[in-house]
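Me: I would like to go through this structure by asking what justifies each term that is applied to it. Please set every value against its definition before concluding.

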Amino acid sequence: MTRSLPQTLLHERRAIRPLTLPALIRLVTEIDDNGPISHQKGSLQSAFGDLTPGQLRHAIDVARDLGFVHADEQAPDRYRLTASGEALAEVYDTAARWARARHFPDTSSDFVTRVQHTLQLSSRSPQAPGSSLEPSAPHQVLAEFLQAYPRVLQHADARFAQQSTEERRAA
């Protein structure tokens, strides 16, 4: 017999999927660490030279849809973080610091991998068997972030409902 997960945990799991996109993590932390990305020709590609234009465009679209990045074609700063983007950068930093201190998932992991694995770990049920690493600080910061910025949960729930509808039509 399987027990159903609490509704808040299901919401968090759905929200974590877009929050752990590698290109989104890179975009938010790049702007947080180095300031807004300007209109200067090539500044966007030079900051993310290892990402394909499609990956970068998808990250920007997700960031704009979720309200993390403000894009202004007329302003000198083309892409800058919103208040929720700055809060997300703090979630990412907290997750990475927690993971680095615990060598999670391993000692040679990079920033993006640490953030992804830590946020995914924090979305597991606290009673999950085999969960020896309890990400209390990252989970707390993530929960506070999701409470402060419900748009992320609403967006994730809307996408989940859309996917469920499409799956029913296909069946």
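Me: Which residues does F68 touch, not counting residues up to four places away in sequence?

Reply: This is a predicted model, in which local features need pLDDT of at least 70 and side-chain atom pairs count only at pLDDT 80 or more, whereas totals for chains, interfaces and linings use all residues. Residues are numbered from 1 along each chain as its sequence is written, and side-chain values use heavy atoms, with hydrogens and water left out. With contact taken as heavy atoms within 4.5 Å, and with residues up to four places away in sequence set aside, F68 touches L19, L24, A63, R80, L81, T82, S84, G85, L88, F145 and V152.

Me: What makes up the largest nonpolar core, and which residues have the most contacts inside it?

Reply: A nonpolar core is a set of buried Ala, Val, Leu, Ile, Met, Phe, Trp, Tyr and Cys residues joined through side-chain atoms within 4.5 Å. The largest such core here has 39 residues, and L19, L27, F68 and Y92 are those with the most contacts inside it.

Me: Why is A89 called buried or exposed, whichever applies?

Reply: Buried means under 20% relative accessible area, exposed over 50%, and partly exposed in between (1.4 Å probe, protein chains only). The relative accessible area of A89 is 1%, so A89 is buried. This residue belongs to helix α5, which covers residues 83-101, and beyond its neighbours within four places in sequence it is in contact with V28 and D32. A89 and E30 are 59 residues apart in sequence, yet their C-alpha atoms are 9.4 Å apart in space. For the protein chain of 171 residues, buried residues make up 39%.

Me: How many helices and strands are there in the protein chain, and in what order do the elements run from the N terminus on?

Reply: Helices (H or I, at least four residues) and strands (E, at least two) are DSSP runs, numbered from the N terminus. On that basis the protein chain has eight helices and three strands, and their order from the N terminus is α-α-β-α-α-β-β-α-α-α-α.

Me: What makes α5 and α6 parallel or perpendicular to each other?

Reply: Axes are lines fitted to C-alpha atoms, for helices over the stretch in contact, and angles run from 0 to 180 degrees between N-to-C directions. Angles under 35 degrees count as roughly parallel, over 145 as roughly antiparallel, 65 to 115 as roughly perpendicular and the rest as oblique. The axes of α5 and helix α6 (residues 111-122) come within 8 Å and cross at roughly 95°, and the two helices are therefore roughly perpendicular to each other. On the α5 side the contact is made by V91, Y92, D93, A95, A96, W98, A99 and R100, and on the α6 side by F111, R114, V115, T118, L119 and L121.

Me: How is α5 oriented with respect to α7, parallel or antiparallel?

Reply: The axes of α5 and helix α7 (residues 136-148) come within 8 Å and cross at roughly 170°, which means that α5 is roughly antiparallel to α7. In this pairing S84, A87, L88, V91, T94, A95 and W98 of α5 meet S136, A137, P138, V141, L142 and F145 of α7.

Me: Why does the pair of R26 and D50 tie together parts that are apart in sequence?

Reply: A salt bridge is a side-chain nitrogen of Lys or Arg within 4 Å of a carboxyl oxygen of Asp or Glu. The closest N and O atoms of R26 and D50 are 3.0 Å apart, and the pair forms a salt bridge. R26 lies in helix α2 (residues 22-34) and D50 in the loop between α3 (43-47) and α4 (53-65), so the pair ties together parts that are 24 residues apart in sequence. R26 is partly exposed because its relative accessible area is 23%, whereas D50, at 59%, counts as exposed.

Me: How many salt bridges does the count come to by this rule?

Reply: The count comes to three salt bridges. One of them joins R57 and D61, with the closest N and O atoms 3.5 Å apart; because R57 and D61 are four residues apart in helix α4, about one helical turn separates them. In another, the side chains of R97 and E90 meet at 3.4 Å, N to O.

Me: What is the phi of H103, positive or negative?

Reply: H103 has a positive phi of about 55° although it is not a glycine, and it is found in the loop between α5 and α6. The place of P105 is also in the loop between α5 and α6, and a cis peptide bond, with omega about 0°, joins F104 and P105.
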